Amino acid sequence: MILNLALIAMILTLLIPMYEAWQDDDIWQKMLAFASAATKTSIMILVVSVLRDDWMIGVVGVIILSVGNAGLMLLAHVLKRMNDLANE
């Protein structure tokens, strides 16, 4: 029961950065919100794996936690380079 309440609290905290990024037009703020959401989602997957006692779900959560933001970081680097080239 307590872990279910913790999971509900995690879902509510997941929505906070999304709401803040929705109000702002800055692309970096939105990318930060998505990175935060990916991290929080992987932590929620780990909580669900403990609740269900299923280690395969936990492995997926660990993989998402370790390499999930790599594509987002690559996109941030590409956007930064394009911005640098536009300013030259």
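**Notes on a predicted helical model**

1. Let's start at a loop: Asp 53 sits between H2 and helix H3 (55-67). Keep in mind as you look around that this is a predicted model. Asp 53 comes just after H2 and counts as exposed because its relative accessible area is 71%, above the 50% cut-off.

2. Now check the backbone at this spot. Asp 53 has a positive phi of about 55°, although it is not a glycine. Why is that worth a second look? Most residues other than glycine have a negative phi.

3. Next, walk back along helix H2, which covers residues 27-52. How far apart are its end C-alpha atoms? They are 37 Å apart; with 26 residues at 1.5 Å a residue, the helix should span 38 Å, so the two values agree.

4. Which residues of H2 are buried? They are Met 31, Ala 33, Ala 35, Ala 37, Ser 42, Met 44, Val 47 and Ser 49.

5. On the other side of H2 in the sequence, have a look at the loop between H1 and H2, where you will find Asp 25. Asp 25 has a relative accessibility of 72%, so it counts as exposed. Together with Glu 20, Asp 24 and Asp 26, Asp 25 forms a patch of negative charge on the surface.

6. Finally, turn to helix H1 (residues 2-23), which contains Leu 12. Is Leu 12 buried or exposed? Leu 12 counts as exposed, because its relative accessibility is 54%. This leucine also helps to make a nonpolar surface patch of about 570 Å², along with Met 1, Leu 5, Ile 8 and Leu 15.

Technical notes. Residues numbered from 1 in each chain as written. Predicted model: local features only at pLDDT ≥ 70, side-chain atom pairs only at ≥ 80, totals over all residues. Heavy atoms only, no water. Patch = residues over 30% accessible without salt bridge, like charges linked within 9 Å, V, L, I, M, F, W, Y side chains within 5 Å. Areas by Shrake-Rupley, 256 points an atom, 1.4 Å probe, with all protein chains shown as cover. Salt bridge = Lys/Arg side-chain N within 4 Å of Asp/Glu carboxyl O. Helix = DSSP H or I, 4+ residues; strand = E, 2+ residues; numbered from the N terminus. Buried < 20%, exposed > 50% of the residue type's maximum accessible area, 1.4 Å probe, protein only. Expected span 1.5 Å × (residues − 1). Lys, Arg positive; Asp, Glu negative; His and termini not counted. Charge placed at Lys NZ, Arg CZ, Asp CG, Glu CD.
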